[in-house]
Amino acid sequence: AIAWQSSRRITGKSDGDTITTWEDETVNNNDVTQGTSGKRPLYKTGIFTGGSGGSMPSVRFDGTDDALQKTTVSNGPTGDTDVAMFLVGIPIAQSNAKTVLQYGESAGDKSMHFIYRSGNSAWNLDVFGQTAQNSFGATSTGTKYIMRGIYDSATDDRKTYKNGALQNTHNRPLNFGNAEYDVGAFVSQSLYANWDIGDVGIIP
């Protein structure tokens, strides 16, 4: 993995504490951070519950201005190369133009992001500067989802998966720029999402 943040690995926090840095669990040290105190997400306990009765905390983003970011990703994928992004989380609110995960450069065909679009009432895998979207299918607030967005450079296909099932495929080549990796938002575009997030990351 290029980056992997997991709420289960956070230590030293109590319910309601703010998160300044969410550490990367890979060797790349792609920690995501927030230097402004009022824009930090919260650590929330007992959000994700398991069938065995266990529970897992979340990092909660408020949908207004909360975000964690790595401005330049160590060993980040660039050019026309395979990229997969993943997210385990719960949408708290769903409204137009809210981005929950983003990687790449804010230029045409150089980034992918998970964004909600009111036009199809769904979260989508978008590419900056493109109008076509890959839907993750219907989602409900308060429900946990495992989402993966994949770009296959050999076929130029990008695919969306929700809870392990393929949802959509779209064909168009990409050319990634190694710039911002944003969790809870697309910071340069001021698109903020209201989610509880458990795991998130980038896989080459």
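Is S58 buried or exposed? S58 is buried, because its relative accessible area is 0%; buried stands for under 20% relative accessible area, exposed for over 50%, and partly exposed for values in between (1.4 Å probe, protein chains only).

The model is a predicted one, in which local features need pLDDT of at least 70 and side-chain atom pairs count only at pLDDT 80 or more, while totals for chains, interfaces and linings use all residues. Residues are numbered from 1 along each chain as its sequence is written, and side-chain values use heavy atoms, with hydrogens and water left out.

**The chain as a whole**

The protein chain contains 18 strands and 0 helices; both are DSSP runs numbered from the N terminus, helices being H or I of at least four residues and strands E of at least two. The radius of gyration of the protein chain, 16 Å, agrees with the value near 17 Å of a compact globule with 204 residues (taken over C-alpha atoms; the globule rule is 2.2 Å times the number of residues to the power 0.38). The C-alpha trace spans about 45 × 35 × 30 Å along its principal axes. Of the 204 residues, 48% count as buried. Among contacts (heavy atoms within 4.5 Å) with a separation of 6 or more, 63% come from residues 24 or more positions apart.

**Two residues**

| Residue | Place | Relative accessible area |
|---|---|---|
| S58 | strand β5 (residues 55-60) | 0% |
| Q133 | loop between β10 (122-127) and β11 (134-135) | 30% |

The side chain of S58 is joined to that of D196 by a polar contact of 2.8 Å. Such a contact is a pair of N or O atoms within 3.5 Å; within protein, one must be able to donate a hydrogen and the other to accept it, and residues adjacent in sequence count only if both atoms are side-chain atoms. Leaving aside residues up to four places away in sequence, S58 touches S7, L42, Y43, K44, I47, F48, D196 and I197.

Q133, in contrast to a buried residue, counts as partly exposed. Residues up to four places away in sequence again left out, Q133 touches several residues, including R117, N120, R158 and N168. The C-alpha atoms of Q133 and N120 lie 9.7 Å from each other, and the two residues are 13 residues apart along the chain.
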